[in-house]
Amino acid sequence: MIRLEKVKTDPVETLKRHAEAIGEAVRQAIKPDRITVEYPRERRKYPECFRGFIVFDKEKCISCFRCAQICPANAIQMEYFENAYPGIDYAKCIFCHFCVDSCPTGALNTSKVHDVAFKAMEEMRLSTKQIAKLPEIVREEIQTVEYYVDRNTWKLVRKKELDSLEVPPKPVKVKERKASCIEPESCIGCRLCANVCPQNAIKVERLKATEEGGTGYILKVQTEQCTGCGLCVRQCPMQILRLEEVGE
Amino acid sequence: MIDVFQILNYFFGIFSSDMMDIPLIAPIVDYLMQIPLLNILVALILWKPFFAVVIMPGLVVLTLYLLYIVWYERKLTARVQWRVGPLEVARPIRGAIQALADGIRYFFQEAIVHREAHRPYYIQLPILAFIPVLLPILFIPAGSAVGIYTPYSIQLIVTFIALIPITIVAIGWASNSRFAYIGSVREAFMYFAYEVPFIIAVISMVFLYGSGDAYVAVEKQSAIPGALLNPIAFIVYIIAMLMATSRLPFEIPEADQEIAFGPFVEYSGILFGLVMVLAYEKLYIMTLLFTILFLGGWSGIYCPLLGDLNGPLWLFIKSIVVISILVIVRSIYARYRLDQALRIGWTSMLTLSIIALIIGGAVGVWLS
């Protein structure tokens, strides 16, 4: 049988805790530690890694389709004019920014804009031209709030100047990759890779069939022209092309 | 026509014989007193009994206090809990007129009377509840301004305070719903738990001053305030005040999270507005009595410009300060269970109040 006994309390300890609780309440009443940001009237200074509206730089884009391929929500459609460029459907976008991370040239960049309003679902499907610049938003805030939170300090600093919502382009995280053939002897000489290559970097040369059993074709990838877009890798029916990381 | 003037002159004579003397506004009053018919109105407003009951510390100041305390309590609790609190109504003054806005909304909202309610009582009782809440103002003196002077004012105030829970229990009964029923039963339990120590604490102070006259009480506190003369009664009174006004450690009858405002759960519209402020008004009355008994009442630094207004003003300022300190308890402590609160009421508080009674008798002999 379990007997419940009354919890013994030390009256001095109890009084101390009461005083502690009252002191804390008074301290919070005088100078609260609250971290509320009154958002439309003031805006938090977001970090550079903030995942907001995605801005596209057409000059840097190499039409490699990696953003469209990696998008888990299938929100990126490529549009064809001059070349293939991405357009983003914000009705689908989950702001994972896999596209920004996977972009080999840094053509897609994040921004600190997170409060764009659309009037209809159709308007949320943004074309390449619309994501090439920051959208027009009405900024109501009069000050910027900056958080300083670490193990010891815990404070908000409010400043009068407004934060710029643009984020400077960051160095590309993705290592440069080039196409290369890992099993030249299996090449069937279909030339799909050479046809699909936007840079015409792959040359197919016919050789005499050797005694080892090669098919008689050899691929020459001109590395200075290859942008590492990976289209040839997807096209190859024998799956003998790989993108291999080069450089740092 | 002559009769009417005679009657008016008769009243004017009564009013002007006992007027508040406030040097600050004396030129304006002198000017207004020369205008016929308006002078009788000015004399009425400044007539001491009328001023005490209707202006200060009476109904007008009570209304201002209600507007202030509802906002202040919400704001203070919000600050302690890292929230912002009411803000969007009148943003430049941080939502200070939120209570006024709520009041106006209650006023134009439909007051629903549900089918199971005892209709006449359900509608009447919130209004009837104001009789015991507002009658003590008649007997609370503030300096020279007093509604009805009586040497038994403290006992009378306590009597009317003791009547308030009866109306609340009746409200719960008239609502005829299960939450209201539970709430009114809890209110009845709490009523007995705090009322006995509360009355004994007040009686100990009456013993101490040797009189139930508020003037005598304030006069005897001219050197040492009553809180130091009888600290045990001071503590008992504070705890009883928290219990009586359903403030948070003892917010048992109205427990929002359990029984959704208890006896008042069915009310809506202006009737809800009336019952919601009941506890705040009770707090105001009890704090006025508290100030008179323990904090030296209306005595304070005398400002010659204010003249007779000094008494009511000091009483009001002291009460507001006490209430403002008391409401922070809401954000510190969690709610007791009913049995815990009853145990506190019937054991420790009862013991403390009896000790306070002995101290009161002893100090009373020493003072006299």
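The largest nonpolar core has 92 residues, and those with the most contacts inside it are B:Ala201, B:Val202, B:Tyr237, B:Ala240 and B:Met243. A nonpolar core here is a set of buried Ala, Val, Leu, Ile, Met, Phe, Trp, Tyr and Cys residues joined through C-beta atoms within 7 Å. A residue is buried if 20 or more other C-beta atoms lie within 10 Å of its own, exposed if 12 or fewer, and partly exposed in between, with C-beta atoms placed from the backbone. The model is predicted: local features need pLDDT of at least 70, side-chain atom pairs count only at pLDDT 80 or more, and totals for chains, interfaces and linings use all residues. Residues are numbered from 1 along each chain as its sequence is written, while chains are lettered from A and ligands numbered from 1 in the order in which they are written.

Helix 11 (residues 178-209) of chain B gives the most to the 92-residue core, with 14 residues; helices (H or I, at least four residues) and strands (E, at least two) are DSSP runs, numbered from the N terminus. Because domain 1 (2-46) and domain 2 (114-367) of chain B both give residues to this core, it lies between them. The domain bounds come from an automatic or database domain assignment. Apart from this core lies another, of 16 residues, including A:Cys71, A:Leu108, A:Val113 and A:Ile131.

The C-alpha centres of domain 1 and domain 2 of chain B lie 36 Å apart. Their contact takes five residues from domain 1 and seven residues from domain 2, where contact means C-beta atoms, placed from the backbone, within 7 Å.

Between the chains, 10 residues of chain A are in contact with nine residues of chain B.

In chain A, three strands form an open antiparallel sheet in the order 3-4-6; two strands pair if DSSP finds at least two bridges between them. Strand 3 (76-81) and strand 6 (125-126) of chain A are the edge strands, each pairing on one side only. Strand 4 (residues 83-89) and strand 6 of chain A pair over two bridges, and A:Ile88 has A:Leu126 as its bridge partner in strand 6.

Most residues other than glycine have a negative phi. Two residues with positive phi are tabulated.

| Residue | Phi | Loop | C-beta atoms within 10 Å |
|---|---|---|---|
| A:Phe95 | near 55° | between strand 4 and helix 3 (98-102) of chain A | 16 other, partly exposed |
| B:Ser246 | near 55° | between helix 14 (231-244) and helix 15 (256-259) of chain B | 23 other, buried |

Methods: Two residues are in contact if their C-beta atoms, placed from the backbone, lie within 7 Å.
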